[in-house]
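Open the model in your viewer and keep the selection tool at hand. The tour goes stop by stop, with something to select at each one.

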Amino acid sequence: MAIQLQQVSYTYADRSMWKQTALHGINLEIAEGSLTGIAGATGSGKSTLLQLFNGILKPTEGTVQVLDVTITAGEKSPRLLPLRRRVGLVFQFPEQQMFEDTVEKDLCFGPLNFGVSLEEAKARARKSMTDMGLDLALLERNPFRLSGGQMRKAAIASVLAMDPDIVVLDEPTATLDPVSRAELIALLERLCREQGRTIIIVTHRMDELLPYADNWVLLKDGELAFQGSGGELAADPAILERCGLRVPQSLRYWQAAAERFGLSGEKPLLTAEGLAGRLAALLEERRTLNASGTEEMGNGHE
Amino acid sequence: MNQAYNDRTAGEKPAVIALEGVSFGYDPEHPILHDINVSIPQGQWVSIVGPNGCGKSTLVKLLNALLPKSAGHISVCGHTLQEETVQSIRQCIGMVFQNPDNQFIGQTVEEDILFGLEGQCLSYEEMKERLEFYTGKLGIGHLLSKHPGELSGGQKQRVAIASILAMKPGIVIFDEASSMLDEGSRDELMGILRDMQAAGSYTILLITHDADEILASDRVLALHGGSIAADVSPAELFRDAELLEKCHLREPYTWQLARELESRGITVDVPASEKELIDTLWQYNYSK
């Protein structure tokens with residue numbers, strides 16, 4: 001397991017008048033090398049959960065195990081530096097994690113901090129810029145002179161430059177244009193499938209992740225409401241509504257098609273292309289069946 | 001309203017925003033916007049679209065002088081943009097930014113929303129009424145006593161939206177202000193905007209990548225490489241594969257589905273619901 005949570009609760013401002021429990025008794029397992037989507041209504045605890053994954057927040061109750069590091073509530077926590085290198089976290093607002101005066105320095109900061117040579121750090125910076133589809137000319141630019149979308153990509157690049165085993169992203173596609181969004185999801189899927197990295201994505205756009213995610217985690221009011229595969233989710237989309245979420249269009253269309261055409265046992269097709277292909281094949285099948293049927297019966301109709 | 005900015009081609013309503021030959025660049029060698037000419041009539045709902053880094057946020061920031069234009073002529077609500085009119089122009093524009101953290105000032109959500117209203121010298125009753133109405137509409141009534149730091153990303157976005165809408169600005173500008181809301185909340189927000197537009201007194205500018213949001217608008221301005229690449233209706237945009245590609249946009253899922261089916265020899269209208277599509281296909285007859 002890459003990440004394992006046992007009975008984890010987290011309370012903000014514990015021991016103060018303003019204490020607020022964001023997570024209650026979460027049990028969660030995320031397998032190494034898997035791609036996991038996390039969804040839930042606003043304020044359900046998604047961002048809090050992510051921050052437990054690299055020790056930015058420590059559990060108020062329970063045990064968080066990430067790779068070979070175990071953090072138990074109430075106990076002295078182990079050295080977190082190795083964990084931080086291996087778990088890269090991309091925040092909701094990228095400008096909150098950029099601080100240098102050029103994009104290149106920002107991208108090199110992480111690797112340099114973890115003991116990589118300057119040359120190697122610069123090479124990694126260029127590679128992760130290219131991976132994110134950013135023009136290398138932007139390396140010289142002040143990060144705060146980038147557009148919102150470019151800054152987000154640069155922030156993701158700065159995390160990839162650290163070569164993390166686990167990449168955790170909080171709504172990484174929020175301000176990206178749809179083409180960049182699809183490219184980012186494709187890149188993350190490659191990092192997962194080809195390089196065996198564990199990818200965890202919080203998203204409000206389940207549609208764009210549904211075709212790729214191995215697993216889904218749904219949160220409701222700080223509690224775990226569902227953990228399972230996309231297929232299991234497709235079989236019972238009502239769980240989404242119970243979590244205060246809308247059932248994504250791709251899932252609604254698949255469900256309607258599956259019910260009418262009797263496809264319920266099949267692996268859900270959650271792209272327009274996939275569903276259209278399957279539907280066209282079904283109609284074609286029916287047509288040939290009808291055509292041969294008509295010939296035999298000898299009473300064709302227009 | 002200054003009739004001098006009427007745009008006859010845009011209909012009978014006077015232009016509330018007019019840009020002529022407007023340019024902007026952080027450094028002169030790399031202009032971010034170049035020679036923008038556009039006129040937006042009062043009451044229109046306009047989507048501003050285009051790939052990341054094409055100058056969308058820059059364009060709207062020029063309107064109320066958050067950034068200084070380097071050339072051209074801008075007029076908003078009948079005022080020509082210059083140093084003396086910035087104040088009046090800012091009073092008629094309400095802008096919600098990408099990152100709500102950039103616009104919080106109050107210690108609590110309530111204070112934050114009231115801040116703008118106090119600035120307008122409204123009566124206590126009026127402020128209370130608007131506070132209740134807009135926090136209710138956006139589902140944040142239970143958060144009034146919270147510090148903005150205690151809120152989640154999506155909750156912050158709702159507070160930022162409520163505080164701007166409560167001021168009832170004549171022009172509402174959202175810079176991807178719904179990017180962190182879930183689908184249901186986004187639909188609700190579109191509903192609020194639609195009601196506001198129907199009331200007739202609001203002009204709405206939405207910077208967005210979201211196909212459903214674009215579909216809700218009257219007009220699409222597509223920016224590309226610092227210029228206006230197209231000025232079209234949403235339907236025209238979604239029918240134009242080349243333009244979509246250029247703007248890094250995707251059509252709505254339902255349009256995609258209809259197009260994919262058509263390419264396989266099955267002609268259907270863009271479905272309004274999954275039931276409609278499946279019913280049509282169930283009865284579909286090739287010989288038709």
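Start with Val220(B): its bridge partner is Val232(B), in strand 10 of chain B. Bear in mind throughout that this is a predicted model.

**The hairpin in chain B**

Now widen the selection to residues 219-224 and 227-232 of chain B. These are strand 9 and strand 10 of chain B, which run antiparallel and are joined by five bridges. Between the two strands of this hairpin lie two residues, and Gly225(B) takes a positive phi near 55° there.

**The open sheet in chain B**

Next, select strands 1, 2, 4 and 5 of chain B. The four strands make an open sheet with antiparallel pairing, in the order 2-1-4-5. Which strands are at the edges? Strand 2 (33-41) and strand 5 (79-80) of chain B are the edge strands, each pairing on one side only.

Inside this sheet, pick out residues 15-24 and 71-76 of chain B. They are strand 1 and strand 4, an antiparallel pair with five bridges. Select Glu20(B) and look across to strand 4 of chain B, where His73(B) stands opposite. Strands of a sheet pair through backbone hydrogen bonds, either parallel or antiparallel.

**The annotated domains**

Colour residues 17-250 of chain B. UniProt, in an unreviewed entry, places the feature "domain: ABC transporter" on this span. Its end C-alpha atoms lie 28 Å apart, and the span is 37% helix and 24% strand.

Then colour residues 3-246 of chain A, which carry the UniProt annotation "domain: ABC transporter", again from an unreviewed entry. Here the end C-alpha atoms lie 28 Å apart, with 34% of the span in helix and 26% in strand.

**Where the chains meet**

Show both chains and select the residues in contact. How many residues does each chain bring? Chain A brings 55 residues and chain B brings 53 residues. Together the chains bury about 4,600 Å², of which 56% is on carbon and sulfur atoms.

Four salt bridges are counted between chain B and chain A. To see one of them, select Asp210(B) and Arg205(A), whose side chains meet at 3.7 Å, N to O. The interface also has 13 residue pairs in polar contact, both residues being at pLDDT 80 or more.

Finish on the side of chain B that touches chain A. Helix 5 (153-165), helix 6 (183-198), helix 10 (253-262) and helix 11 (274-282) of chain B each supply at least two of its residues. By class, this side has 20 polar, 18 nonpolar and 15 charged residues.

Definitions and conventions: Residues numbered from 1 in each chain as written. Chains lettered and ligands numbered in written order. Predicted model: local features only at pLDDT ≥ 70, side-chain atom pairs only at ≥ 80, totals over all residues. Heavy atoms only, no water. Contact = heavy atoms within 4.5 Å. Buried area = accessible area lost by both parts, 1.4 Å probe. Polar contact = N/O pair within 3.5 Å; in protein donor to acceptor, adjacent residues only side chain to side chain. Nonpolar A, V, L, I, M, F, W, Y, C, P; charged D, E, K, R; others polar. UniProt positions renumbered as here; feature names shortened; annotations may be inferred. Pairing = 2+ DSSP bridges.
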